Amino acid sequence: MDPNPTNFPILSYVMSKLPSMGRRTTATADEFDIEQPQNHPHPPPEPHFDITERMPHLTDPKVVNAMRSAVADVSQTRSMLKTLGERPFHELVDTARVKLAEIEADMSKRLEEIVLSPRPPEMERQDWRLDMAIKEDECRKGVEKEREAYKALIALDELHEAYEKMLKDAEQRLEKIYETAVAGGDVESIGESSGEKSSELKEEVNEEVIGILQEASGKSVERVDLSGRQLRMLPEAFGKIHSLIVLNLSNNQLMVIPDSIASLENLEELHLSSNLLESLPDSIGLLCSLKILDVSGNKLVTLPDSICHCRSLVEFDAGFNKLSYLPTNIGYELVNLRRLSLSFNKLRSLPTSFGEMKSLRLLDVHFNELHGLPLSFGNLTNLEILNLSNNFSDLTKLPDTIGDLINLKELDLSNNQIHELPDTISRLDNLTVLKLDENPLVIPPKEVVVEGVEAVKAYMIKRRLDILLAEEPEIMLEEVGQTPTGLLTRSTSWLSGTVSNVLGTVAGYLGGGGKSDPDHYLNQQL
């Protein structure tokens with residue numbers, strides 16, 4: 001919740017100097033117990049970020065005081081958010097909005113019924129109106145109680161979003177104060193007014209862009225490559241090149257994509273990587289022919305919900321951004337997507353709809369903050385490559401449904417906090433690459449992991465079999481009337497397909513030597 005030193009270096013430094021951030025002592029001198037002295041570790045060093053070496057004026061007390069005044073609102077909001085809690089998952093917020101809409105619709109219907117109800121003959125008109133007013137008031141009060149929880153959730157999400165924008169504005173204000181200090185100006189006089197936005201720079205349209213537009217007016221242009229041209233803006237007139245199929249604007253300085261891009265109804269490839277984009281236009285959802293979209297290496301915080309309408313998308317790369325969530329319905333709409341890269345973002349969860357992307361072959365979500373995978377994840381039966389590495393302490397377990405990914409060939413789980421693999425991982429018959437480095441694994445043990453993927457599957461099969469055998473006596477007592485043979489057949493039926501593919505490895509791992517019959521070993525166990 002504190003500003004990131006990488007993205008907000010000056011703000012992070014100034015916030016660390018605020019008095020409210022000082023360490024509080026947990027006990028006074030009078031509370032010290034000589035018989036049970038507390039072991040006080042060395043206090044952590046004061047946040048430095050190496051910024052004072054590059055910006056020496058930050059050591060000037062006047063500059064620091066002016067900056068403190070300029071970020072007072074950030075400090076107050078941060079304290080409030082620390083009390084209220086972390087930002088809720090986007091899918092929960094969307095659900096809350098849907099519930100609110102349903103409640104509103106239901107209330108409108110009930111109020112309409114009250115208003116249209118006929119007046120009883122025995123009731124005076126004035127009494128009838130008073131009775132209706134009371135009923136309407138009771139209806140609204142009852143609904144308000146139901147809406148409170150949903151409204152609070154939405155308000156918390158909006159507060160977090162406003163806080164993120166506040167951080168950006170604060171960093172700009174601090175930069176302006178520092179520039180004034182370097183120029184020898186009076187920083188105290190601008191501390192309060194530094195929040196005004198700097199005047200917009202006049203943009204000059206690149207001559208090459210003008211040439212392309214002129215050429216397009218005379219003939220059909222299908223491909224335009226303007227990558228690496230230091231472009232800062234794209235003219236609205238680009239939307240008039242209706243014949244365009246491939247547009248490459250990567251490696252520029254674009255901060256905005258014009259809405260007119262929606263007019264490129266034939267566009268199939270759009271490359272926007274390595275720019276300065278903080279958002280995409282809602283009109284991007286009108287690109288119905290778009291098959292390849294690359295927006296990696298920007299500053300995107302969210303994706304517009306309208307991107308779900310790009311149903312022809314086959315490849316989508318949104319890596320190296322600041323995404324904290326995905327549109328709730330993205331899985332229901334992008335059913336043709338085959339390759340999806342979301343690496344180096346801040347995703348904490350994947351929406352439930354994700355399991356509907358049944359055409360997906362490759363999914364890369366390494367270097368995020370994922371807490372887990374939705375149960376629907378097992379529906380991605382065409383998935384071949386899955387990279388879940390480097391989610392670190394956030395990813396601690398996998399759902400059992402991961403065993404349903406029958407076509408999975410490569411699985412990277414390295415650099416997480418997974419203690420135990422699900423038994424169902426033994427069902428992944430096509431799995432040939434399994435990376436488990438830097439996990440505190442207990443099941444399977446490390447000595448099995450180093451033997452490779454087949455040894456891991458064999459271990460998990462044996463473990464599952466041992467569990468089933470241990471459960472059989474209890475099941476026999478509970479299900480009177482079933483023969484032991486029937487129970488054993490039912491319990492081990494799901495293993496038959498998997499065992500047939502790795503029987504040789506199972507026998508080797510269990511100590512069978514030479515050409516011993518692995519079926520014979522399993523029969524002995526049964």
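Here is a quick tour of this predicted model, from the overall fold down to a surface patch and a pair of cysteines.

## Overall make-up

The protein chain runs to 526 residues, and 40% of them are buried. In secondary structure, you'll find 14 helices and ten strands.

How much of the contact map links distant parts of the sequence? Taking contacts in the protein chain with a separation of 6 or more, 46% join residues that sit 24 or more positions apart.

## The surface

About 29300 Å² of the protein chain is exposed, and 50% of that area comes from carbon and sulfur atoms.

If you go looking for a greasy spot, try the phenylalanines: Phe320, Phe344, Phe367 and Phe392 make a nonpolar surface patch of about 360 Å². Phe392 is a handy one to pick out, since it belongs to the loop between β8 (385-387) and β9 (410-412). With a relative accessible area of 40%, Phe392 counts as partly exposed, and because patch residues need over 30%, it clears that cut-off.

## The cysteines

How many disulfides does the structure hold? The count is zero. Cys288 is in no disulfide, and its nearest cysteine sulfur belongs to Cys310, 7.4 Å away. It works the other way round too: Cys310 is also unpaired, with the sulfur of Cys288 as its nearest cysteine sulfur at 7.4 Å. A disulfide needs the two sulfur atoms within 2.5 Å, so at 7.4 Å Cys288 and Cys310 don't make one.

Is Cys310 buried or exposed? Cys310 is buried, with a relative accessible area of 0%.

Methods. Residues numbered from 1 in each chain as written. Predicted model: local features only at pLDDT ≥ 70, side-chain atom pairs only at ≥ 80, totals over all residues. Heavy atoms only, no water. Helix = DSSP H or I, 4+ residues; strand = E, 2+ residues; numbered from the N terminus. Buried < 20%, exposed > 50% of the residue type's maximum accessible area, 1.4 Å probe, protein only. Contact = heavy atoms within 4.5 Å. Areas by Shrake-Rupley, 256 points an atom, 1.4 Å probe, with all protein chains shown as cover. Patch = residues over 30% accessible without salt bridge, like charges linked within 9 Å, V, L, I, M, F, W, Y side chains within 5 Å. Salt bridge = Lys/Arg side-chain N within 4 Å of Asp/Glu carboxyl O.
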